[in-house]
Amino acid sequence: MRVLGLESSCDETAAAVVESGRILSSVVASQVDLHARFGGVVPEIASRAHVERVTSVVRAALADAGAGLADMDGIAVTTGPGLIGALLVGISAAKALAWASGLPLVGVNHIEAHVHSVRMEHPDVPDPHVVLVASGGHTRLFRADGPARTELLGSTTDDAAGEAFDKVSAILGLGYPGGPAIERAAEGGNSRAFDFPRTLLGAGSLDMSFSGVKTAVLYAALGQDVKKGAGSVRPGVNVADVAASFQEAVVDVLVEKTMRAARRAGARAVGIAGGVASNHRLRKRLEEAARAADLAACWPPPALCTDNAAMIAGLGALRLAAGASDGLAIDAAA
Ligand code: KG4
Ligand code: ZN
């Protein structure tokens, strides 16, 4: 089963070809440079950029796979969640390709595809396992019971973890996207310099909250004069220490919640996916916690963690193999 996947839910235009779980090609055109000066993704700019890039990205994915559309067995596309205008570009392109080629078309949930990316990289991951999906738009915990069988266990009640990284990075004047910038800055800092809050929402909760830690960083870095705006860090405040202390606070919460979820689900392994999963401190701490609990820990490589179409093609292939076809009436679910 050879599947062409398309992804355009946020600020990455992506296409990929996957054959029987193996990634033959994965092309991602990032829009990071277009959104950087705004400190976040601007939906209208994202939609326009998707329109400009989607055709060449699909062509590149097919060329890298050494294949044409006629060699595909089906097409998979992200239908949500994401930015409505951005999603519609990928969906319209996928419909046009499906209509022109007569290939079956299936819609794929972006977050379930992130969960699936762990299994794509580690086909032998034992079930049930727990996957933390942490990115700029979502932070959720899932129990995975088999391919395409997932159950939501908990989710953030306010900011996504990646969004907190992005906002704190803006406060500290470190630029966008915030995750890699904070991680770099934190390397030279003392993670115990500031005691930022770890919001755990009660002993049994699997939900998360990151707005408190973000506000604490805002006051620690800018002082009472927060109106002065992002980037104007108080004299004497060590940015590396703030970055390291913030990162440690977020990692503490993510690891605690993931291990709680693992205990609750009777999981045999834990995984992480989404952009934040490329954070080395998070990986190290989760690995240590999993080892202490005698569980396997696994995650995809960075290119499969951030938004990509290989995970969309991979999950779509399971549905196509089962005979599913959503037809040309599929729509975006923002
Ligand atoms: O999955 P992704 O590429 O796109 C979304 O669906 O949002 O994730 C992007 C998010 C951004 O918020 C970015 O700051 C964060 O992932 N991120 C990181 C790291 N690399 C990317 N957060 C923490 N540490 C990193 N190394
Ligand atoms: Zn994502």
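This report describes a zinc site, the cysteines, the internal spaces and some backbone features of one protein structure. The structure is a predicted model.

## The zinc site

Three residues of the protein donate atoms to the zinc ion (ligand 2): His110 and His114, each through NE2, and Asp307, through OD. These donors lie 2.1 to 2.2 Å from the ion. Along the chain, the donors follow the spacing H-x3-H-x192-D. The two histidines belong to helix α4, which covers residues 110-121. His110 and His114 are four residues apart, about one turn of that helix. Both His110 and His114 are buried.

What is the arrangement of the four donor atoms around the zinc ion (ligand 2)? The angles that they subtend run from 89 to 152°, and the arrangement is therefore irregular. Four donors would count as tetrahedral if all angles lay between 85 and 135 degrees.

## Cysteines without disulfides

A search of the whole structure gives zero disulfides. A disulfide requires a pair of cysteine sulfur atoms within 2.5 Å. For Cys10, the closest cysteine sulfur is that of Cys305, and the separation of 16 Å is too far for a bond. Cys305 also holds the closest cysteine sulfur to that of Cys298, where the distance is 11 Å, again too far for a bond.

The surroundings of these residues can also be described. Cys10 has a relative accessibility of 25% and so counts as partly exposed. Cys298, with a relative accessible area of 8%, is buried.

## Cavities and the largest pocket

The structure holds three cavities of 30 Å³ or more. The largest cavity contains about 70 Å³ of space. Among the residues that line the largest cavity are Glu112, Val115, His116 and Arg119, together with His129 and Leu315. Two elements, α4 and β7 (139-146), each give two or more residues to this lining. Helix α4 gives the most, with four residues. By class, the lining of the largest cavity comprises four nonpolar, four polar and two charged residues.

The largest pocket contains about 870 Å³ of space. Its lining is made up of 37 residues, and those nearest the centre of the pocket are Ser135, Gly136, Gly137, Asp166 and Tyr176. The elements giving two or more residues to the lining of the largest pocket are α4, α5 (161-171) and α6 (178-186). Which element gives the most to the lining of the largest pocket? That element is α5, with five residues. The lining of the largest pocket divides into 13 nonpolar, 16 polar and eight charged residues.

Helix α4 thus takes part in several of the features described: it carries His110 and His114, and it contributes to the lining of the largest cavity and of the largest pocket.

## Backbone features in loops

Two peptide bonds that lead into a proline are cis, as the table shows.

| Cis peptide bond | Omega |
|---|---|
| Gly80 to Pro81 | near -10° |
| Asp127 to Pro128 | about -5° |

Pro81 lies in the loop between β4 (74-80) and α3 (84-101). Pro128 is placed in the loop between α4 and β6 (129-134).

Ser20 and Ala148 each have a positive phi, although neither is a glycine. The phi of Ser20 is about 45°, and that of Ala148 is about 65°. Ser20 lies in the loop between β2 (12-19) and β3 (22-30). With a relative accessibility of 62%, Ser20 counts as exposed. Ala148 is in the loop between β7 and β8 (149-155), and this residue also belongs to the lining of the largest cavity.

Terms used:
Residues are numbered from 1 along each chain as its sequence is written. Chains are lettered from A and ligands numbered from 1 in the order in which they are written. This is a predicted model: local features need pLDDT of at least 70, side-chain atom pairs count only at pLDDT 80 or more; totals for chains, interfaces and linings use all residues. Side-chain values use heavy atoms; hydrogens and water are left out. Donors are N, O and S atoms within 2.8 Å of the metal (3.2 Å for Na, K and Ca); water is not among the atoms, so sites may look incomplete. Four donors count as tetrahedral if all angles lie between 85 and 135 degrees; four count as square planar and six as octahedral if opposite donors are over 155 degrees apart and all others between 65 and 115; anything else is irregular. Buried means under 20% relative accessible area, exposed over 50%, partly exposed in between (1.4 Å probe, protein chains only). On a 1 Å grid over the protein atoms alone, a cavity is a set of points where a 1.4 Å probe fits but cannot get out, and a pocket is an open set with protein on both sides within 12 Å along at least five of seven lines; lining residues have an atom within 4 Å of a point. Grid points are joined across faces, edges and corners, and a volume is the space filled by probe spheres set on the points. Ala, Val, Leu, Ile, Met, Phe, Trp, Tyr, Cys and Pro count as nonpolar, Asp, Glu, Lys and Arg as charged, and the others, Gly among them, as polar.
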